[in-house]
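Reader: I would like to learn how to read a structure like this one, feature by feature. Could you walk me through it?

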Amino acid sequence: MNSHLILRTVSKFLIPLIVVYGLYVHFHGDFGPGGGFQAGVIVAAAVVLYALIFGIDACKVAVPPSWIRIGMTVGVMLFAGTGVVTWLLGGAFFDYDVLKYDPDHPAGQHLGIICVELGVLFTVATVMVAIFYAFGSRTPDISDEDW
Amino acid sequence: MLNFLNLSQAWIAAEAPVAIVVLPLIIGALCALINKERIAWLLVLLTTLICSALSFVILREVMASGTISYGLGGWDPPLGIEYRVDGLNAPVLMLISVIGVICTLYALRSVTAEIEPKKRGPFYGAFMISFAGLLGMVVTGDAFNVFVFLEVSSISTYVLVAMGASRDRRALTAAYNYLILGSIGATFFVIGVGFLYMQTGTLNMADIALALSESGESRVTQVAFAFIVVGLGLKLAMFPLHLWLPGAYAYAPSFVTAFLAATATKAALYLLLRFVFTIFDPTADFIISALTWLLAVLGVIGMFFASFQAIFQTDARRLLAFSSVAQVGYMLLGVGIGTMAGVTAGYVHLLGHAMTKGALFLCLGAMWYQFGVTRISDFKGLGKTMPWTMGAFTVAGISLIGVPGTVGFVSKFALLTAAADKGWWWAVAAIVFTSILALVYIGRMLEAAWLQDRPQVDGVDVATREAPASMLVAMWALAIACVVFGVNATWPLELANDAASVIMGGAG
């Protein structure tokens, strides 16, 4: 239990920061390098780090696989839903300008891209974790003792 | 501000090109969460029905007022992504969505039999996404967007093929083969698009065509052409790039096989037409020689080679899969002829073969469902034990051979005429000879089914056990379509003629 004490302590401190940094990359995406994809990978990296330090079973308690499945769908819904909202507001699909009109500032474009990228963040993060779980949870066909 | 009630006809007509892609995409993501199989199925059926309705709206609009262009996100075409529907892709959209409805109807029983219960919701989800991807790659007017949708549909198709594993473990290796070759195809395609972008600085198809016609051809254009043809050739199973196809068709769940055989290779073939004729300049020397020496000659070799391979198969689905490779050869020959008549013939064959092969694979799936039939020797007496299924199989089978009165005859006759007009008598001979080969391989199955007695189990004749009604409706819908469009071929010929005149710019 006391092994890797430093690793455990440091990563416990770091994991929330990694997630916050992921969100920073996401929200900064429309001013500089970044965006939903990179942010999603960073958030997923936090989950993977947790699994590496505390074991995949503990990780599955903290981030249940059923949430992961829902997260993938939520991401797609956010992305496509943004388009549907622009439809309902009377614009073309993904015409962000109808979201919020501001004559001297493309406020609608900002809002739209943040929503869409949030969808990307959800889907990328959850798919990354899902792939990690799928490979990480594999049990060998024949266990080592049976050889 | 909310114009909810604005769902008027005009709105639907205007937004249909996007709605037809977005709707199945959303439903696909939802289906992945639904554990109740029936609800997922109902949602899928509803979606495919709405998509068919939308495709009819689009087709009518195109017929009435020509090309529809839709700029996504309010960005005007050369800058933004454009969805562009004209006489060339509107019929393919309709084909994919109508086949989607028919296959979904069929799926109700076949998925229950072939897929593990907890995987059925996600299975329908993957199907919806593949469906959306196919529609997307047909509807879009942006070369890079084509690649995105190509991957959307391909990746979900690999999953669908692999799901056949609960019926036959060989589905896993087949899906893996398909994955590797499909990815190579997509990579080649995107490299080609990259070269085009390098040459022209734009990704919009119409804009690329314009830039190419201004700058004239260069080595970069030729390299782009080569990469794109090879990439799409892998996707549409052009001989000798067809090696993924027999395995994938033979071991995928039967509903998936029928859907893929009727749509996936057809969408890729549409893209080939789109790129070769409307983006590149089809009068350029290197394209004319590629059409003649690559598409037409390889098409003919594929017709012979795959037909012979089909004759020597013992597995019924592999037989039909090799026959599909041969049929792709006919379409490529039509394209390779390169005249208005040739492209029209190839296009009619695309539409007709989709119905024919779809019906055949649906029938095979029903035979497996009731009796576990996979090999041709199992066909013994099927005409007596499953008369209706075998009836539909026979109708579609004679359409595949090209007997007059079926859609197969219409397209083969058009192809013969086009080849003869061009003076390619070797091609005429090849079409006739491979049709005889088709008679041999289809005949083997029909002979076993109709002329041999019922098989016996413990000395007792096997009882008649017909396929469930939902399956029968699906397969007969396609079989009847084969006959209806064979007797009265005006409509498909008209569509194909429109498509060919888009390609040839009306000059022919």
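Reader: Let's start with A:Phe94. Is A:Phe94 buried or exposed, and why?

Author: Keep in mind that this is a predicted model. The idea is to count the C-beta atoms around a residue: 20 or more others within 10 Å make it buried. A:Phe94 has 25 C-beta neighbours inside 10 Å, so it counts as buried. A:Phe94 belongs to the loop that links α4 (65-88) and α5 (107-136) of chain A.

Reader: Glad to have that. What should I look for in the backbone there?

Author: Start with the usual case. Most residues other than glycine have a negative phi, and most peptide bonds are trans. A:Phe94 is not a glycine, yet its phi is positive, about 65°.

Reader: Which residue of chain B, other than glycine, has a positive phi near 60°?

Author: That is B:Ala237, with phi near 60°. B:Ala237 sits in the loop between α8 and α9 of chain B. B:Ala237 counts as buried because 29 C-beta neighbours fall inside 10 Å.

Reader: And the peptide bonds: where is one cis, with omega near -5°?

Author: Look at the bond from B:Phe239 to B:Pro240, which is cis with omega near -5°. B:Pro240 is in the loop between α8 (219-235) and α9 (244-251) of chain B.

Reader: Now helices. How do I read one such as α2 of chain B, and what span would be expected for it?

Author: Compare the end-to-end distance with a rise of 1.5 Å a residue. Helix α2 (residues 37-65) of chain B has 29 residues, and its first and last C-alpha atoms are 42 Å apart, close to the 42 Å expected. Just after α2(B) comes B:Gly66, with a positive phi near 80°.

Reader: Which residues of α2(B) are buried?

Author: First, the pattern to have in mind. An α-helix has 3.6 residues a turn, so residues three or four places apart point the same way. In α2(B) the buried residues include B:Ala40, B:Trp41, B:Val44, B:Thr47, B:Thr48, B:Cys51, B:Ser52, B:Leu54 and B:Ser55. Also among them are B:Ile58, B:Leu59 and B:Val62.

Reader: What covers those buried residues of α2(B)?

Author: The cover includes the helices α1 (9-31), α3 (90-114) and α4 (120-139) of chain B, along with the strands β1 (68-71) and β2 (82-85).

Reader: How do I go from one helix to the overall form of a chain?

Author: Set the radius of gyration beside the value for a compact globule with that number of residues. For chain B, with 508 residues, the globule value is near 23 Å and the chain has 22 Å, which agrees. For chain A, with 147 residues, the globule value is near 15 Å, but the chain has 19 Å. The box around the C-alpha atoms adds detail: roughly 70 × 35 × 20 Å for chain A, and about 75 × 65 × 40 Å for chain B.

Reader: What are the chains built from, and how much of each is buried?

Author: Chain A has five helices and zero strands, while chain B has 19 helices and four strands. Buried residues make up 33% of chain A and 60% of chain B. Contacts between residues far apart in sequence are worth a look too. Among contacts with a separation of at least 6, those joining residues at least 24 apart come to 61% in chain A and 79% in chain B.

Reader: Which residues touch the most other members of the largest nonpolar core?

Author: In that core of 237 residues, they are B:Leu135, B:Val161, B:Ala359, B:Cys363, B:Ala396 and B:Met475. Beyond its sequence neighbours within four places, B:Val161 contacts B:Ala171, B:Ala174, B:Ala175, B:Tyr178, B:Ala248, B:Ala252 and B:Val256.

Reader: How do the two chains meet?

Author: Count the residues on each side: 19 of chain A are in contact with 18 of chain B. The chain A side has 12 nonpolar, four polar and three charged residues.

Reader: And how confident is the prediction?

Author: One caution comes first. Where pLDDT is low, the predicted coordinates should not be read in detail. Chain B averages a pLDDT of 87, and 98% of its residues score at least 70. For the model, ipTM is 0.84 and pTM is 0.90.

Terms used:
Residues numbered from 1 in each chain as written. Chains lettered and ligands numbered in written order. Predicted model: local features only at pLDDT ≥ 70, side-chain atom pairs only at ≥ 80, totals over all residues. Contact = placed C-beta atoms within 7 Å. Nonpolar A, V, L, I, M, F, W, Y, C, P; charged D, E, K, R; others polar. Core = buried A, V, L, I, M, F, W, Y, C linked by C-beta atoms within 7 Å. Buried ≥ 20, exposed ≤ 12 C-beta atoms within 10 Å, placed from the backbone. Helix = DSSP H or I, 4+ residues; strand = E, 2+ residues; numbered from the N terminus. Rg over C-alpha atoms; globule rule 2.2 N^0.38 Å. Expected span 1.5 Å × (residues − 1). pLDDT = per-residue confidence, 0-100.
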